[in-house]
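Let's take a walk through this protein together, with the sequence and the fold side by side. Have a look first, and then we can go from the whole chain down to single residues.

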Amino acid sequence: MFTKPLEYICLPSALKESFEAISKNSHGLDGVSFQKFSQDLQQNLQELSQNIVEGKYAPEPLKTIEINKIGSDAKRKISLSAIKDKIVQMTLYTNLNPYYEKLFSDKSYAYRPKKSTIKALNRISDFFSRGLRVVIKTDIENFFDTINHAILLELLDKEIQDKSLIRVISLFMQTGSFKTLEYDKHTLGVHQGDILSPLLSNIYLNEMDKWLEHNEFTFVRYADDFILLFQNFHDAKETLPELRKFLSTLKLTLKESKTTITHVKDGFEFLGVRFEGKQRFIENERFQKSISKIHAFGKSKQPFFSFIKSTIMN
């Protein structure tokens with residue numbers, strides 16, 4: 001169990017380390033920039049720490065922006081937090097993530113240190129080499145927007161001793177957002193863009209990972225996008241209804257339009273790569289996007305390695 005108390009986690013010195021680690025480029029609805037917060041840094045951190053310990057802390061409403069989803073006309077909502085709220089989230093993440101890392105499956109590859117898309121793809125190839133060449137390819141319908149708050153809080157309660165820490169996390173989950181002048185309540189899901197959201201999403205889906213491992217299913221998961229691997233079609237077809245039934249206990253459903261059972265020789269796409277027999281191909285759309293970014297380097301004044309880093313992060 002995670003036993004660190006909230007008052008120890010959120011000491012001014014710890015908040016200062018988080019302040020130095022957060023993004024300096026954006027701010028929330030309160031209009032306080034990184035530079036403005038830093039002008040009276042020690043007092044701001046002392047006041048923030050005191051409010052947290054005394055139970056007076058509450059996050060600011062979020063500012064919502066929309067960005068285009070890759071390969072779609074649909075929009076993805078991104079939530080922008082106030083600087084002080086980013087500091088608190090970063091502090092909680094820095095403390096909680098190492099603890100939860102020990103609980104997560106080695107077949108989960110998103111938002112984790114020493115894990116990556118490439119490692120997930122290589123793991124799949126390794127499973128193919130072991131004769132597991134029938135695949136259920138699927139993902140979860142509107143996963144980030146449908147995470148059930150009550151279930152997530154129950155999961156946190158099992159592992160976190162200090163309930164005041166859980167209360168602060170719940171405040172971030174429940175904080176609403178503004179898009180222009182319209183306020184949206186937040187009773188379901190986690191905010192994409194929040195520092196804590198990737199960890200919370202992995203905590204939630206770790207329940208599925210544990211169920212899969214308990215039943216000796218082979219899988220590779222990257223956030224809510226995952227595959228299960230089998231030796232034959234019969235086992236795959238038998239498993240799919242069981243998977244749907246289990247996910248219903250988490251109040252989640254599969255995205256049926258992206259759920260298929262196939263053999264690797266017939267090909268399938270996962271994480272922007274097409275597997276077909278022993279071959280792997282980058283999807284054309286992703287390839288074209290990468291080419292565009294390389295062309296952009298010619299117009300960029302960034303050093304090469306910093307340009308590559310920013311390209312990978314985006």
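## The chain as a whole

A residue counts as buried here when its relative accessible area is under 20%, as exposed when that area is over 50%, and as partly exposed in between. With that in hand, 45% of the 314 residues of the protein chain count as buried. Please keep in mind that you are looking at a predicted model.

The protein chain has 13 helices and 11 strands. How far apart in sequence are the residues that meet? Taking contacts between residues at least 6 apart in sequence, 70% join residues at least 24 apart.

## Two helices that cross

Two packed helices are described by the angle between their axes and the distance between the axes. For helix α8 (residues 149-159) and α10, the angle is about 85 degrees and the axes are 10 Å apart. Angles from 65 to 115 degrees count as roughly perpendicular, and α8 and α10 are therefore roughly perpendicular to each other.

Which residues make this contact? From α8 come I151, L152, L155 and L156, and from α10 come L200, I203, Y204 and E207. Sorted by class, the contact of α8 with α10 holds seven nonpolar residues, no polar ones and one charged residue.

## Two cavities inside

The model contains two cavities of 30 Å³ or more. The largest cavity has about 50 Å³ of space. Its lining is made by Q89, F172, M173, V190, H191, D194, L196, S197 and L200. Two elements, α9 (163-174) and α10 (197-214), give two or more residues to this lining. You may recognise L200, which lines the largest cavity and also takes part in the contact between α8 and α10. By class, the lining of the largest cavity has five nonpolar residues, three polar and one charged.

The second largest cavity has a volume of about 30 Å³. Around it sit P59, E60, L62, S81, D85, Q89, F172 and D194. Here the lining divides into three nonpolar, two polar and three charged residues. Q89, F172 and D194 appear in the linings of both cavities.

## Near the start of the chain

L6 lies in helix α1 (residues 6-9). Is L6 buried or exposed? Its relative accessible area is 3%, so L6 is buried. Leaving aside neighbours within four places in sequence, L6 is in contact with I52, L92, D162, S164, L165 and V168.

A14 lies in helix α2 (residues 12-21). Not counting residues up to four places away in sequence, A14 touches I9 and T91. S49 gives a handy reference point for both L6 and A14. L6 and S49 are 43 residues apart in sequence, with 9.8 Å between their C-alpha atoms. A14 and S49 are 35 residues apart along the chain, and their C-alpha atoms are separated by 9.4 Å.

## Helix α5 and the loop that follows

P98 lies in helix α5. This proline has a relative accessible area of 47%, so P98 is partly exposed. P98 and R112 are 14 residues apart in sequence and 9.9 Å apart in space, C-alpha to C-alpha.

Now for the backbone. Most residues other than glycine have a negative phi. Y111, in the loop between α5 (83-101) and α6 (117-129), has a positive phi near 60 degrees. K114 is also placed in the loop between α5 and α6, and K114 has a positive phi of about 65 degrees although it is not a glycine. As for accessibility, Y111 counts as partly exposed at 36%, while K114 counts as exposed at 76%.

## A strand beside a cavity residue's partner

To finish, find S177, which is placed in strand β4 (residues 177-179). With a relative accessible area of 8%, S177 is buried. What is the distance in space between S177 and E60? Their C-alpha atoms are 8.8 Å apart, and the two residues are 117 residues apart in sequence. E60 itself is one of the residues that line the second largest cavity.

Terms used
Residues numbered from 1 in each chain as written. Predicted model: local features only at pLDDT ≥ 70, side-chain atom pairs only at ≥ 80, totals over all residues. Heavy atoms only, no water. 1 Å grid on protein atoms, 1.4 Å probe; cavity = no way out; pocket = protein on both sides within 12 Å on 5 of 7 lines; lining within 4 Å. Points joined across faces, edges and corners; volume = space filled by probe spheres on them. Helix = DSSP H or I, 4+ residues; strand = E, 2+ residues; numbered from the N terminus. Nonpolar A, V, L, I, M, F, W, Y, C, P; charged D, E, K, R; others polar. Axes fitted to C-alpha atoms, helices over the stretch in contact; angles between N-to-C directions. Parallel < 35°, antiparallel > 145°, perpendicular 65-115°, else oblique. Contact = heavy atoms within 4.5 Å. Buried < 20%, exposed > 50% of the residue type's maximum accessible area, 1.4 Å probe, protein only.
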